[in-house]
Amino acid sequence: MDDSGAFVPVQRGSTDDTPWHSNAACRRDEAGLFFAPSKEPTAARLAREEHAKRVCARCPVLLSCREHALLQPEPYGVWGGLTAAERRVVLARRRRREQELREAARATQPIAAAG
């Protein structure tokens with residue numbers, strides 16, 4: 001699912017058993033780029049997150065990373081091009097959509113006749 005809430009299929013790595021994160025672009029960057037230091041000023045946080053997202057944008061496993069962070073869920077850092085706050089929005093949209101689908105399915109089930 002992308003940040004608009006639309007479903008995006010998870011990328012698959014090669015057919016070998018290499019974990020997806022072995023191919024991640026962020027493996028070459030400092031972890032501090034993806035995770036906030038304590039008491040980071042807002043302007044610095046926003047600039048750091050934008051830089052991290054640029055790394056994610058060129059990553060061959062962006063969707064696998066994002067899906068990992070959404071399924072875990074990862075509470076901190078930039079994963080798959082999304083901040084923790086952005087991932088919370090995506091998760092809320094997923095839950096809302098799943099609820100709507102369950103309600104629609106119940107509404108289309110025939111009502112058993114009382115006998």
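In which helix is the place of Cys56? The exercises below concern a predicted model, and the first of them begins with this residue.

**Exercise 1. Locate Cys56 and describe its surroundings.**

Solution.
Step 1. Cys56 has its place in helix H1, which spans residues 42-57.
Step 2. The relative accessible area of Cys56 is 8%. Buried means under 20%, so Cys56 is buried.
Step 3. Once residues up to four places away in sequence are set aside, Cys56 touches Phe34, Leu62, Val78, Gly80 and Gly81.
Step 4. Cys56 also belongs to the largest nonpolar core, a group that includes Phe34, Leu62 and Val78.

**Exercise 2. Establish which residues UniProt lists for "binding site", and examine how they are arranged in space.**

Solution.
Step 1. The unreviewed UniProt entry lists Cys26, Cys56, Cys59 and Cys65 under "binding site".
Step 2. These residues are spread over 40 residues of sequence, yet they cluster in space, with a largest C-alpha distance of 10.6 Å.
Step 3. Cys26, Cys56, Cys59 and Cys65 are included in the lining of the largest pocket.
Step 4. Two of the listed residues may be placed individually. Cys56 is in helix H1, whereas Cys59 lies in the loop between H1 and H2.
Step 5. Cys59 has a relative accessibility of 13% and therefore counts as buried. Apart from neighbours within four places in sequence, Cys59 is in contact with Ala24 and Ala25.
Step 6. Cys65 is one of the buried residues of H2.

**Exercise 3. Give the secondary-structure layout of the chain and its overall exposure.**

Solution.
Step 1. The protein chain contains 3 helices and 0 strands. Read from the N terminus, the order of elements is α-α-α.
Step 2. The helices are H1 (42-57), H2 (62-71) and H3 (84-108).
Step 3. The chain has 115 residues, of which 30% count as buried.
Step 4. Its accessible surface is about 8000 Å², and carbon and sulfur atoms account for 56% of that area.
Step 5. Consider contacts between residues at least 6 apart in sequence: 52% of them join residues at least 24 apart.

**Exercise 4. Determine how far helix H2 is covered, and by what.**

Solution.
Step 1. Of the 10 residues of H2, 8 are buried, and the helix is mostly covered.
Step 2. The buried residues are Leu62, Leu63, Ser64, Cys65, Arg66, Glu67, Ala69 and Leu70.
Step 3. H1 and H3 are among the elements that cover these buried residues.
Step 4. From Ala69, a further relation in space can be traced. Ala69 and Leu82 are 13 residues apart in sequence, and their C-alpha atoms are 9.1 Å apart.
Step 5. Leu82 has its place in the loop between H2 and H3. With a relative accessible area of 1%, Leu82 is buried.

**Exercise 5. Identify the members of the largest nonpolar core and the elements that supply them.**

Solution.
Step 1. The core has 12 residues: Ala24, Ala25, Leu33, Phe34, Ala52, Val55, Cys56, Cys59, Val61, Leu62, Leu63 and Val78.
Step 2. H1 and H2 are the elements that give two or more residues to this core.
Step 3. H1 gives the most, with 3 residues.

**Exercise 6. Classify the aromatic pair and state which parts of the chain it links.**

Solution.
Step 1. The structure holds 1 aromatic pair.
Step 2. The ring centres of Phe35 and Trp79 are 6.3 Å apart and the planes stand at 80°. Angles over 60 degrees count as edge-to-face, so the pair of Phe35 and Trp79 is edge-to-face.
Step 3. Phe35 is in the segment before helix H1, Trp79 is in the loop between H2 and H3, and 44 residues separate them, so the pair links distant parts of the chain.
Step 4. Phe35 counts as partly exposed at 34% relative accessibility, whereas Trp79 is buried at 17%.

**Exercise 7. Describe the backbone at Pro73 and at Lys39.**

Solution.
Step 1. The peptide bond from Gln72 to Pro73 is cis, with omega near -20°. Pro73 has its place in the loop between H2 and H3.
Step 2. Lys39, a residue other than glycine, has a positive phi near 55°.
Step 3. Lys39 lies in the segment before H1 and counts as exposed at 83% relative accessibility.

Note on methods:
Residues are numbered from 1 along each chain as its sequence is written. This is a predicted model: local features need pLDDT of at least 70, side-chain atom pairs count only at pLDDT 80 or more; totals for chains, interfaces and linings use all residues. Side-chain values use heavy atoms; hydrogens and water are left out. Helices (H or I, at least four residues) and strands (E, at least two) are DSSP runs, numbered from the N terminus. Buried means under 20% relative accessible area, exposed over 50%, partly exposed in between (1.4 Å probe, protein chains only). Contact means heavy atoms within 4.5 Å. Accessible areas come from the Shrake-Rupley method with a 1.4 Å probe; for residues, only the protein chains shown count as cover. Rings of Phe, Tyr and Trp (its six-membered ring) pair if their centres lie within 6.5 Å; planes under 30 degrees apart count as stacked, over 60 as edge-to-face and the rest as tilted. UniProt positions are given in the numbering used here, feature names are shortened, and annotations may be inferred rather than shown by experiment. On a 1 Å grid over the protein atoms alone, a cavity is a set of points where a 1.4 Å probe fits but cannot get out, and a pocket is an open set with protein on both sides within 12 Å along at least five of seven lines; lining residues have an atom within 4 Å of a point. A nonpolar core is a set of buried Ala, Val, Leu, Ile, Met, Phe, Trp, Tyr and Cys residues joined through side-chain atoms within 4.5 Å.
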